Amino acid sequence: MARVALVTGGTRGIGASIAKALKAAGYKVAANYGGNDAAAEKFKGETEIPVYKWDVSSFEACTDGIKKVEADLGPIEILVNNAGITRDTAFHKMSLEQWSAVINTNLGSLFNMTRPVIEGMRARKFGRIINISSINGQKGQFGQVNYSAAKAGDIGFTKALALETAKAGITVNAICPGYINTEMVQAVPKDVLEKSILPLIPVGRLGEPEEIARAVVFLAADDAGAITGSTLTINGGQYMV
Ligand SMILES: NC(=O)c1ccc[n+]([C@@H]2O[C@H](COP(=O)([O-])OP(=O)(O)OC[C@H]3O[C@@H](n4cnc5c(N)ncnc54)[C@H](OP(=O)(O)O)[C@@H]3O)[C@@H](O)[C@H]2O)c1
């Protein structure tokens, strides 16, 4: 029986590539999204991957959404916590709303999504939890105190939960993408991208979403059971840890 994989924010950008790659690798995949119905319907039409709308920053919404996915497809064995947002501004101008939205969506979601599936994974003695963090959680970024704090938190969450779940056959890993060619990065003004970002990337280009997706497939595999608590850096050589 194919294992069931759930990808949050799985209808656009990196998450869509992850969902497609997991499906191609033989998993039964569900893709969650937050609000963009048109993009989700387009993705569903193209991939035949079922889509589920809920807000990952709400614990109740995650609990209900996961129940629906499990009723449709079976117990979730691979969870990819990918959904994320930015609300960039210098800290001295940052509102509580900008802080809370990013912390709740990018870090709170790891609790909201993982807590409802962890007991089942422990009982079945198998699980793969893959958290999409960011280079900016590793090194910090001007204008992203909220985002860098959340993404660094994702790495701490990964390490601590990896320790707690190691004996239960559950691995927990983080991936830290650098600048990847998605709408999130396409929103950066062209001159900023060309003058300030690309020159910092030794491979001389943005990463592609498929390059993150193949790492997720690698970590999700049954024979990746010894890889846990790791942080996989995929950033074209921009920041080496
Ligand atoms: N792109 C990069 O260069 C880069 C670099 C490092 C890390 N990352 C991280 O990689 C992940 C994916 O980034 P991306 O560039 O692919 O982003 P994206 O193209 O903006 O897509 C974000 C996805 O997350 C979903 N989402 C956002 N808020 C949500 C919420 N509250 N509840 C449920 N779903 C929600 C969106 O749903 P809707 O379609 O409904 O809006 C969408 O499917 C994020 O965690 C991001 O921080 C990205």
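Colleague: Does N32 count as buried or exposed, and how do you know?

Modeller: N32 has a relative accessible area of 1%. Buried means under 20%. N32 is therefore buried. Keep in mind that this is a predicted model. N32 lies in strand β2, residues 28-33.

Colleague: What is N32 in contact with, beyond its neighbours within four places in sequence?

Modeller: The residues are L6, V7, T8, G9, G10, T11, Y52, W54 and V56.

Colleague: Which backbone oxygen does the side chain of N32 reach, and what makes that a polar contact?

Modeller: The partner is the backbone oxygen of W54, at 3.1 Å. The cut-off for a pair of N or O atoms is within 3.5 Å. The N32 side chain and the W54 oxygen are inside that cut-off, so the term polar contact applies.

Colleague: On to the aromatic rings. How many aromatic pairs does a search of the whole structure find?

Modeller: The search finds one. F59 and F111 form it, 5.5 Å centre to centre, with 35° between the planes.

Colleague: Why is the pair of F59 and F111 called tilted?

Modeller: Start with the distance: centres must lie within 6.5 Å, and the F59 and F111 centres are 5.5 Å apart. Then take the angle. Stacked needs planes under 30 degrees apart, edge-to-face over 60. The 35° between F59 and F111 meets neither condition, so the pair is tilted.

Colleague: Which helices hold F59 and F111?

Modeller: F59 is in helix α3 (residues 59-73), and F111 is in helix α4 (residues 96-124). They sit 52 residues apart, so the pair links distant parts of the chain.

Colleague: What do F59 and F111 count as by relative accessibility?

Modeller: F59 has 32%, and F111 has 45%. Buried is under 20% and exposed is over 50%. Both values fall in between, so F59 and F111 count as partly exposed.

Colleague: How do you know that the buried residues of α9 are on the same side of the helix?

Modeller: The buried ones are P209, I212, A213, A215, V216, L219 and A220. They cover an arc of only 160° around the axis, which puts them on the same side of α9. What covers them includes α1 (13-24), β4 (76-81), β5 (127-132), β6 (170-177) and β7 (231-234).

Colleague: How does the reach of α9 compare with the span expected?

Modeller: Helix α9 spans residues 209-220, 12 in number. From first C-alpha to last it reaches 17 Å, close to the 16 Å expected at 1.5 Å a residue.

Colleague: Which residues have the most contacts inside the largest nonpolar core?

Modeller: They are I18, L22, V80, I132, I175 and V216, in a core of 27 residues. The largest share of this core, six residues, comes from α9. Take L22: not counting residues up to four places away in sequence, L22 touches A5, V7, Y27, V29, V80, V216, V217 and A220. Apart from this core lies another, of 23 residues, among them V69, I118, M121 and A168.

Colleague: What about E48 and K125: what is phi for each, and are they buried or exposed?

Modeller: Phi of E48 is near 60°, a positive value in a residue other than glycine. K125 also has phi near 60°. E48 has a relative accessible area of 67%, and K125 has 55%. Exposed means over 50%, so E48 and K125 are exposed. E48 is in the loop between α2 and β3, K125 in the loop between α4 and β5.

Key: Residues are numbered from 1 along each chain as its sequence is written. This is a predicted model: local features need pLDDT of at least 70, side-chain atom pairs count only at pLDDT 80 or more; totals for chains, interfaces and linings use all residues. Side-chain values use heavy atoms; hydrogens and water are left out. Helices (H or I, at least four residues) and strands (E, at least two) are DSSP runs, numbered from the N terminus. The expected span of a helix is 1.5 Å times one less than its number of residues. Buried means under 20% relative accessible area, exposed over 50%, partly exposed in between (1.4 Å probe, protein chains only). The arc is that of the directions from the helix axis to the C-beta atoms. Contact means heavy atoms within 4.5 Å. A polar contact is a pair of N or O atoms within 3.5 Å; within protein, one must be able to donate a hydrogen and the other to accept it, and residues adjacent in sequence count only if both atoms are side-chain atoms. A nonpolar core is a set of buried Ala, Val, Leu, Ile, Met, Phe, Trp, Tyr and Cys residues joined through side-chain atoms within 4.5 Å. Rings of Phe, Tyr and Trp (its six-membered ring) pair if their centres lie within 6.5 Å; planes under 30 degrees apart count as stacked, over 60 as edge-to-face and the rest as tilted.
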